[in-house]
Amino acid sequence: MKQESATPALTLAASSFAALGSEQRLLVLRTLVRAGSAGLSIGTLGERTGVTGSTLTHHLKLLASAGLVKQEKQGRSTICAAVAYEEVQALANFLLTECCADAINECTEHDHG
């Protein structure tokens, strides 16, 4: 079946997936998911992932610009990072929303939400 041209949703999803195109960025996001909604300080995130300094800052900037991570200052210099859960869930839903839509036979192998 012919795919539709790039839609805003497709463009946004491609940008988000591109931000996850690094093992270190994926590790950072996964670590933040495990930390829960409170997020982590940059120092703690660095300790848990082994990614520190300007490299961690660079990865967080890319994840934040893709809408997958939120950052905010707390106090004078502590910056916390947390997952943007709704955006991460929307990215997963983007892949699964039309699951098996073009299958010839009815798909019963997995849940379709």
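Okay, let's start on helix H2, on the face turned away from its buried side: that's where you find the exposed residues Glu 23, Arg 30 and Arg 34. Before I go on, this is a predicted model, where local features need pLDDT of at least 70, side-chain atom pairs count only at pLDDT 80 or more, and totals for chains, interfaces and linings use all residues. Residues are numbered from 1 along each chain as its sequence is written, and side-chain values use heavy atoms, with hydrogens and water left out.

Quick vocabulary, then. Buried is under 20% relative accessible area, exposed is over 50%, and partly exposed is in between, with a 1.4 Å probe and protein chains only. Helices (H or I, at least four residues) and strands (E, at least two) are DSSP runs, numbered from the N terminus.

Back to H2. Its 13 residues reach 18 Å from first C-alpha to last, close to the 18 Å expected at 1.5 Å a residue; the expected span here is 1.5 Å times one less than the number of residues. So which residues of H2 are buried? Those are Arg 25, Val 28, Leu 29, Thr 31 and Leu 32. They cover an arc of only 160° around the axis, and that puts them on the same side of H2. By arc I mean that of the directions from the helix axis to the C-beta atoms.

Now helix H1, residues 8-19. Twelve residues at 1.5 Å each should span 16 Å, and the end C-alpha atoms of H1 are 17 Å apart, which agrees. Buried in H1 are Ala 13, Ser 16 and Ala 19. Their arc around the axis is only 120°, so they sit on the same side of H1. What do the buried residues of H1 pack against? You'll see helix H2 (23-35), helix H4 (53-65) and helix H5 (85-96) there, going by contact, meaning heavy atoms within 4.5 Å.

On to H3, residues 42-49, which has Thr 49 in it. Here the buried residues are Leu 45, Gly 46 and Thr 49. They take up an arc of only 100° around the axis, which puts them on the same side of H3. Flip to the other side of H3 and you get Glu 47 and Arg 48, both exposed. The cover over the buried residues of H3 includes H2, strand S1 (40-41) and H4. Zooming in on Thr 49, its relative accessible area is 12%, so it's buried. Leaving aside neighbours within four places in sequence, Thr 49 is in contact with Leu 27, Val 28 and Thr 31. Right after H3 comes Gly 50, with a positive phi near 80°.

Next, the surface. There's a nonpolar patch made of Leu 10, Phe 17, Phe 94, Leu 95 and Leu 96, with about 450 Å² of accessible area together. H1 and H5 are the elements that give two or more residues to that patch. Which element gives the largest share? That's H5, with three residues. Leu 95, in helix H5, has 55% relative accessibility, so it counts as exposed. For the record, patches are made of residues with over 30% relative accessible area and no salt bridge, joining like charges within 9 Å and nonpolar side chains (Val, Leu, Ile, Met, Phe, Trp, Tyr) within 5 Å. A salt bridge is a side-chain nitrogen of Lys or Arg within 4 Å of a carboxyl oxygen of Asp or Glu. The areas are Shrake-Rupley with a 1.4 Å probe, and for residues only the protein chains shown count as cover.

A few single residues to finish. Ile 79 lies in strand S3, residues 78-83, and at 29% relative accessibility Ile 79 counts as partly exposed. How far apart are Ile 79 and Ile 42 in space? They're 37 residues apart in sequence but 6.1 Å apart, C-alpha to C-alpha. Apart from neighbours within four places in sequence, Ile 79 is in contact with Leu 40, Ser 41, Ile 42, Gln 71, Glu 72 and Lys 73.

His 58 is in helix H4, partly exposed with a relative accessible area of 43%. Its C-alpha is 24 Å from that of Leu 10, with their positions 48 residues apart in sequence. And Ala 38, in the loop between H2 and S1, counts as exposed at 65% relative accessibility. The C-alpha atoms of Ala 38 and Thr 108 are separated by 38 Å, and those two residues are 70 apart along the chain.
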